[in-house]
Amino acid sequence: MRVENNVFPPEVQEAVLFPFDDSSIPLTYGLQLGLVQGRRQGILVRPGKPGMPDCRRVRYYGTVIRNGEEFRMWYLGLGDQDDKYRVCYAISQDGIKWEKPTLGLVEYGGSTQNNLVDLLNGEYSVVEAPIIYDSEDPDPARRFKMAFESEKYQNRLAVAFSPDGLHWKESSCNPVTKHMLEQSGVIKFNECYYVNGQLGGPRPGALRQMVTYMSYDFEHWTEATALSFRRDVEPPPEGSWNAGEQVHLGASLWNRGNVIIGFYGMWHGHESDDRRLVTMDLGLVVSNDAIHFKEPVPGFKIIPCYEEPETASGIHGLLGAALAQGQGFENVGEQTLYWYEVWNQGQVRLATWPRDRFGYYKVYREGRRQMLEEPHFISCPIRLNDSGGRVFVNADGLSINSYLRVEIYDEKFRRLPGYSADDCVPLMEPGPRQPVVWRNKETLDKFDHPIRIRVNYGGLRPEDIHVYAIYVSSS
């Protein structure tokens with residue numbers, strides 16, 4: 001008998017060990033965790049010209065997917081013909097400068113010269129529409145998958161498929177849930193699909209929480225949900241819906257193989273329950289199973305709302321600043337890109353980080369005098385494939401006086417010959433992907449057992465070092 005109630009590890013070509021993922025790096029000595037807020041790059045997609053389907057308002061609530069050298073964006077547009085949001089399309093070569101191509105698919109205002117995708121023939125309003133590209137689906141017509149919310153189905157979860165991301169065919173099973181779901185994240189993980197969000201509709205006494213549905217074919221979804229993440233620490237006031245700390249629309253998701261990164265809507269409600277006084281930052285959560293999420297640093301604002309210049313009241317009547325997440329993370333060169341919007345203003349915006357530098361481990365400086373050995377961290381067990389592997393480090397602050405040495409343990413914390421700290425060539429050059437070398441070894445041998453990675457902080461000034469990620473790749 002085996003009770004499989006722990007995380008079943010996926011097969012990955014490269015494992016990414018982030019300091020804020022304490023399942024991948026469970027053990028530390030003399031280190032403290034820090035997180036990094038994104039740098040804003042301004043507005044990327046604005047409302048279109050009069051008569052276009054996005055001339056009144058652009059809302060993100062969609063997706064950015066990188067396809068080769070091209071970036072593709074699906075967002076929501078509100079035109080001047082009615083009050084319906086429709087799914088619009090844009091393309092970019094760098095993820096920053098966007099164009100709205102003329103698709104000629106759906107008539108709007110008597111013309112098809114617009115950038116509307118063919119979903120529901122443009123006849124129904126769409127509220128959210130996160131998309132994934134599933135290259136492993138044997139049916140080419142189903143490789144683009146959308147989980148959307150629409151007035152057609154009383155805002156219950158519905159799904160659609162497409163061969164190209166432009167021509168969409170909705171499922172005959174729609175709606176695929178019985179309850180309203182306001183979602184922002186959809187993902188495939190370990191051959192299963194997951195969609196998360198908040199169960200919709202004002203329900204006094206029930207605050208917004210992140211719940212997750214599961215499916216193995218993207219059409220037949222569980223009626224039961226997993227409570228994936230919550231922020232309220234006590235029951236809400238009687239009859240309240242907007243007060244308190246809540247999770248807005250779940251989280252947008254980035255599958256990094258062994259860990260999932262999520263940005264969620266960090267809802268701050270006023271005790272008066274007045275919706276106009278709501279503010280909303282974006283927060284960071286992580287998961288190793290696509291079901292259970294946690295905040296590495298509770299309440300940390302990965303993108304703070306008050307740094308945005310627009311705080312005027314918008315169509316939602318919000319007086320404070322508020323942000324809303326969408327699906328879409330990408331590593332481009334030495335940068336990480338993430339797209340989002342200001343909730344009461346709309347328009348698609350961009351935040352960036354140096355590549356994969358959401359968080360770091362640094363030496364706990366105040367406690368150095370009491371340390372009995374070098375500050376370090378140790379990974380979870382990692383089973384390499386038959387070809388062995390390589391180790392790379394994403395770190396800053398390295399120099400002749402601040403260096404790292406990496407050693408390899410077996411699963412039971414025993415040092416492996418040839419891979420000790422003394423064997424390791426000290427890492428003294430900062431960079432997003434610095435290779436680890438042990439004397440004459442650049443690669444890890446094939447082992448018949450799992451290994452652990454230990455990273456040691458050394459030198460006269462180890463407190464200068466920031467380690468952002470460790471990469472373990474197949475040879």
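**Figure 1. Contacts across the chain of the predicted model.** Among contacts (heavy atoms within 4.5 Å) with a separation of 6 or more, 63% join residues 24 or more positions apart. The protein has zero helices and 31 strands; helices (H or I, at least four residues) and strands (E, at least two) are DSSP runs, numbered from the N terminus. This is a predicted model in which local features need pLDDT of at least 70 and side-chain atom pairs count only at pLDDT 80 or more, while totals for chains, interfaces and linings use all residues. Residues are numbered from 1 along each chain as its sequence is written, and side-chain values use heavy atoms, with hydrogens and water left out.

**Figure 2. Overall dimensions and surface of the protein.** The C-alpha trace spans about 75 × 50 × 50 Å along its principal axes. The radius of gyration is 24 Å, which agrees with the value near 23 Å for a compact globule of 475 residues; it is taken over C-alpha atoms, and the globule rule is 2.2 Å times the number of residues to the power 0.38. About 20,500 Å² is exposed, 48% of it supplied by carbon and sulfur atoms (Shrake-Rupley method, 1.4 Å probe). Of the 475 residues, 56% count as buried (under 20% relative accessible area, 1.4 Å probe, protein chains only).

**Figure 3. The largest nonpolar core, with 34 residues.** A nonpolar core is a set of buried Ala, Val, Leu, Ile, Met, Phe, Trp, Tyr and Cys residues joined through side-chain atoms within 4.5 Å. Leu404 and Ile470 have the most contacts inside this core. Elements giving two or more residues to the core are β1 (14-17), β25 (359-363), β27 (389-396), β28 (403-410), β30 (451-458) and β31 (466-474). The largest share, four residues, comes from β30.

**Figure 4. Surroundings of Ile470.** Not counting residues up to four places away in sequence, Ile470 touches Ala15, Val16, Leu17, Phe377, Val391, Phe392, Val393, Ile453 and Val455. Apart from the core of Figure 3 lies another core, of 30 residues, among them Tyr89, Val126, Ala129 and Trp168.

**Figure 5. Glu219, a buried residue in a loop.** Glu219 lies between β16 (210-215) and β17 (226-229). Glu219 counts as buried because its relative accessible area is 16%. Its side chain makes polar contacts with the side chains of Arg142 (3.3 Å) and Ser171 (2.4 Å). A polar contact is a pair of N or O atoms within 3.5 Å; within protein, one must be able to donate a hydrogen and the other to accept it, and residues adjacent in sequence count only if both atoms are side-chain atoms. Residues that Glu219 touches also include Val159, Phe161, Ser172, Cys173 and Val176.

Key
Buried < 20%, exposed > 50% of the residue type's maximum accessible area, 1.4 Å probe, protein only.
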